[in-house]
Amino acid sequence: MSARPRFDRGHTDDLITFLTESPSPYHAVASAAGRLEKAGFRQVEETASWDGEAGGKYVLRGGAIIAWYVPEGAAPATPYRIVGAHTDSPNLRVKPVPDTGAHGWRQIAVEIYGGTLLNTWLDRDLGLSGRLTLRDGAHRLVSVDRPLLRVPQLAVHLDRSVNSEGLKLDKQRHMTPVWGLGDVSEGDLIRFLAQEAEVDAEQVTGWDLMVHSVEPPAYLGRDRELLAGPRMDNLLSVHAGTAALTAVAGSGQGLSHIPVLAAFDHEENGSQSDTGADGPLLGNVLERSVFARGGSYEDKARAFAGTVCLSSDTGHAVHPNYAERHEPGHHPMPGGGPILKVNVNQRYATDGSGRALFVAACERADVPWQPFVSNNSMPCGTTIGPITAARHGITTVDIGVAILSMHSARELCGAKDPYLLANALTAFLGD
Ligand code: ZN
């Protein structure tokens, strides 16, 4: 019998905590690292030399984390089983000269990050989070998780056609949040955030800051069968992957492979960065782990050839008001279990053998699953799966969870799906 836990509603309760404590990718990897530390994993520095000892380890780089568990006696050519995900979500990010304003209002200049649904940021109470970089290169996380900013929508009286012709938002002119009244003072925002983070503002010479909704996630629906909250795309997968990896590492079971969690930044704008899936981070970590166990290039090639990756990200549940936008024979539902994402043009990496691998994991976990494919007349999204497959030559399967309102400041999923996914990932990483 398996010694591993079986995730249930408590996992979704914990996801609410994870979402709340992770307003930025930097916070998300810190939250994941905290959970890994509790499970006995230890951080290894990329600049240090690595040993080949058994146990759980992780590398942190900016908004990315790679964690892996080396079983006792693992040979250098031991293959990996990877759960892939991403830590970033579309949002509004602070510009290099943040302090701006007009007509007596104090405002913060923002850029648009990723393909966010602009209207969902209007008339929400917003906080600010991210990291401050100090003169000595150290980072400090900062999060102001209380109402601080708002992007006010124009009153209907001043935009009479808004309900008949739709809302038109100009990214430069209409998305600048207000954060108070009075004269604009250069350096104001950073002085304020330095105080919040309890650092000397003079020491803050760099920052990566973003806006988030301060409304906490909440169960929704007659039977509370839905969950509304921010950043489910894709912290839902990061959280499930972290839970699955720590469960497998803690089970004390023998493994013939090395389970890995790879959570990258910058998926929402194409993954091309030193912390993105299209960078060398994952390959470097896996390769160094082979070499640390005394392996050769040949061992690395053997390990990679036997490696498989489940790349988990959100997909579209069927929208009851727009069902014609979905593929009529493929209608994933919230609560129906993880989805298998297919696109023959390789927007998703799944093929028939990948499907079989995913089905096997779901069967072992006794979890239902649902196929997803786009309507031929609609453009298909993509994710880190095809990049992982192409960059590292690793068999990859795109899976995830069906949600509504993807890229909204507040998305909607089934309350069961996070733990059904976690159970499927645990079976994949553990058996
Ligand atoms: Zn995503």
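In the predicted model, 2 cavities of 30 Å³ or more are found. The largest cavity encloses a volume of about 100 Å³, and 14 residues line this cavity, with Ser 89, Pro 90, Asn 91, Trp 121 and Arg 231 the closest to its centre. Strand S10, which spans residues 204-213, makes the greatest contribution to the lining of the largest cavity, namely 3 residues. Classified by side chain, this lining comprises 6 nonpolar, 5 polar and 3 charged residues.

Pockets were examined next. The largest pocket contains about 1000 Å³ of space. Its lining is formed by 39 residues, of which His 316, Pro 379, Gly 381, Met 406 and His 407 are the closest to the centre. Two or more lining residues are given by each of S14 and strand S17 (395-404). The largest share, 4 residues, is supplied by S14. In terms of residue class, the lining of the largest pocket consists of 17 polar, 14 nonpolar and 8 charged residues.

For the second largest pocket, a volume of about 470 Å³ was computed. Gln 107, Pro 152, Arg 173, His 174 and Thr 176 are the closest to its centre among the 20 residues of the lining. The lining of the second largest pocket divides into 10 nonpolar, 7 polar and 3 charged residues.

The zinc ion is bound by protein donors from His 86 (NE2), Asp 233 (OD) and Asp 313 (OD), with Asp 313 (OD) listed twice, at 1.9 to 2.6 Å from the ion. Along the sequence, the donor residues follow the spacing H-x146-D-x79-D. Distant parts of the chain are linked by the pair His 86 and Asp 313, 227 residues apart: His 86 belongs to strand S4 (residues 80-86), and Asp 313 to strand S14 (residues 308-316). The arrangement of the 4 donor atoms is irregular because the angles they subtend range from 52 to 141 degrees, whereas a tetrahedral assignment would require all angles to lie between 85 and 135 degrees. Two of the donor residues were assessed for accessibility. His 86 has a relative accessibility of 0% and therefore counts as buried. Asp 313 is likewise buried, as its relative accessible area is 4%.

Strands S4 and S14 also take part in the packing of helix H9. In this helix, which covers residues 384-392, the buried residues are Ile 384, Gly 385, Pro 386, Ile 387, Thr 388 and His 392. These buried residues of H9 pack against strands S4, S13 (258-264), S14 and S17, and against helices H6 (281-292) and H7 (297-305). Gly 393 follows H9 and has a positive phi, near 65 degrees.

Arg 410 is situated in the loop between S17 and strand S18 (411-414). With a relative accessibility of 16%, Arg 410 counts as buried, because the cut-off for a buried residue is under 20% relative accessible area. The C-alpha atom of Arg 410 lies 4.4 Å from that of Pro 230, although the two residues are 180 residues apart along the chain. Apart from neighbours within four places in sequence, the contacts of Arg 410 are with Arg 124, Glu 215, Pro 216, Pro 217, Ala 218, Ala 228, Gly 229, Pro 230 and Ser 405.

Conventions: Residues numbered from 1 in each chain as written. Predicted model: local features only at pLDDT ≥ 70, side-chain atom pairs only at ≥ 80, totals over all residues. Heavy atoms only, no water. Donors = N, O, S within 2.8 Å, 3.2 Å for Na, K, Ca; no water. Tetrahedral: all angles 85-135°; square planar, octahedral: opposite > 155°, others 65-115°. Buried < 20%, exposed > 50% of the residue type's maximum accessible area, 1.4 Å probe, protein only. 1 Å grid on protein atoms, 1.4 Å probe; cavity = no way out; pocket = protein on both sides within 12 Å on 5 of 7 lines; lining within 4 Å. Points joined across faces, edges and corners; volume = space filled by probe spheres on them. Nonpolar A, V, L, I, M, F, W, Y, C, P; charged D, E, K, R; others polar. Contact = heavy atoms within 4.5 Å.
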